[in-house]
Amino acid sequence: MPWFKRTKKGIQTPTEDKKDVPKGLWYKSPTGKVVDSEELEKNFYVSPEDGYHVRIGSKEYFEILFDDNKFKELDKNLTSKDTLNFEDKKKYTDRLKEAQDKTGLKDAIRCAVGKSMGEDLVVACMDFSFIGGSMGSVVGEKIVRAADYSLKKKIPLMIISKSGGARMMESALSLMQLAKTSVKLAQLSDAGIPYISLATDPTTGGTTASFAMLGDINISEPGALIGFAGPRVVRDTTGKELPEGFQTAEFVLEHGFLDFITHRRDLKKKVNQYLDLVLNRPLREQVDKSA
């Protein structure tokens with residue numbers, strides 16, 4: 001019965017007639033849940049199946065926080081210099097160029113000012129896709145300049161951390177940014193200008209040891225990894241087994257290092273609600289344009 005037998009060997013479909021599945025059509029979360037990419041985007045890049053908050057960058061956070069995605073980027077062309085002539089598997093200059101070409105970013109942070117629920121807000125947002133969100137001299141300098149802008153214009157500042165820590169290719173220059181940013185944030189505090197710190201997955205190393213934990217209010221997204229050293233390093237150093245959920249946002253909240261955890265869809269409303277309260281102004285309502 002030839003109707004179920006292959007009469008010709010090999011693949012017969014012409015190449016031009018083959019159908020490819022579009023890239024990015026589906027997203028699989030670490031818990032194994034599969035989500036349509038368009039549905040994921042509409043849900044603030046949070047898996048509706050399990051609430052997993054997918055890592056996003058400054059582009060997406062600006063879309064979430066700024067009204068109509070309108071903002072002015074600050075100091076957008078700052079780039080790092082290879083003052084130490086650093087080279088490991090490749091030259092630092094080559095690594096920077098590769099990261100810039102791959103991500104379209106100049107460095108691991110973008111700063112912008114715009115309206116959020118009708119009021120001005122300065123946002124400095126780190127991008128993990130650029131060399132692991134590592135904090136070098138440009139990251140520190142842009143945070144300081146963003147804080148200076150806030151001081152000058154008397155506008156609240158928000159920093160969104162997403163970092164593996166200090167950038168080893170800049171050695172002591174990167175470590176200097178911890179003190180540099182901390183001093184500038186203290187000036188904001190003295191001036192009575194609110195600073196909000198949002199820790200996202202992951203917030204580790206020197207970032208945690210400086211500006212990420214210095215907010216007038218410290219908040220996080222669900223499930224974010226927050227800590228200084230990684231769990232393996234802590235375990236090997238202390239020689240003890242770590243408690244369940246160690247260094248998750250929920251664990252950190254329970255131990256007093258966070259003020260609250262918020263779902264990404266509520267982020268804009270929560271941030272502005274806090275600002276209205278501390279600045280003693282009428283509470284604003286977020287308009288749901290999807291309704």
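Arg145 is partly exposed, with a relative accessible area of 34% (buried means under 20% relative accessible area, exposed over 50%, partly exposed in between, with a 1.4 Å probe and protein chains only). The model is a predicted one, in which local features need pLDDT of at least 70 and side-chain atom pairs count only at pLDDT 80 or more, while totals for chains, interfaces and linings use all residues. Residues are numbered from 1 along each chain as its sequence is written, and side-chain values use heavy atoms, with hydrogens and water left out.

Arg145 is a good place to begin with the charged side chains. Side chains of opposite charge can pair when their charged atoms come close. Here a salt bridge is a side-chain nitrogen of Lys or Arg within 4 Å of a carboxyl oxygen of Asp or Glu, and the count comes to 21 salt bridges. One of them joins Asp75 to Arg145, at 3.2 Å from N to O. This pair links distant parts of the chain, since Asp75 sits in the loop between β3 (71-74) and α3 whereas Arg145 belongs to helix α4, 70 residues apart. Helices (H or I, at least four residues) and strands (E, at least two) are DSSP runs, numbered from the N terminus. Asp75 is itself partly exposed, at 30% relative accessibility.

Arg145 also forms a salt bridge with Glu141, where the closest N and O atoms are 2.8 Å apart. In contrast to the long-range pair, Arg145 and Glu141 both lie in helix α4, 4 residues apart, about one turn of the helix. Glu141 is partly exposed at 23% relative accessibility. Through shared partners, salt bridges join Asp75, Glu141, Arg145 and Lys180 into one network. Elsewhere, Arg284 and Asp276 form a salt bridge with closest N and O atoms 2.9 Å apart, and both residues are buried.

Turning to the interior, the largest nonpolar core holds 28 residues, of which Leu157, Ile159 and Phe211 touch the most other members. Such a core is a set of buried Ala, Val, Leu, Ile, Met, Phe, Trp, Tyr and Cys residues joined through side-chain atoms within 4.5 Å. Two or more residues each are given to this core by α3 (92-103), β4 (109-116), β5 (119-126), α4 (137-153), β6 (157-163) and α5 (171-190). The largest share, 4 residues, comes from α4, the helix that also carries Arg145 and Glu141.

Aromatic rings offer further contacts. Rings of Phe, Tyr and Trp (its six-membered ring) pair if their centres lie within 6.5 Å; planes under 30 degrees apart count as stacked, over 60 as edge-to-face and the rest as tilted. The whole structure contains 4 aromatic pairs. Phe246 and Phe251 make an edge-to-face pair, 5.5 Å centre to centre with 70° between the planes. Phe246 is partly exposed at 23%, while Phe251 counts as buried at 17%. Ring pairs also link Phe62, Phe66 and Phe71 into a cluster. In addition, Arg55 lies over the face of Phe128, 4.6 Å from the ring centre; a charge sits over a ring if NZ of Lys or CZ of Arg is within 6 Å of the ring centre and within 35 degrees of the ring normal.

Finally, Glu60, in helix α2 (residues 58-65), counts as buried at 17% relative accessibility. The C-alpha atoms of Glu60 and Tyr45 are separated by 8.7 Å, with their positions 15 residues apart along the chain counted as the spacing.
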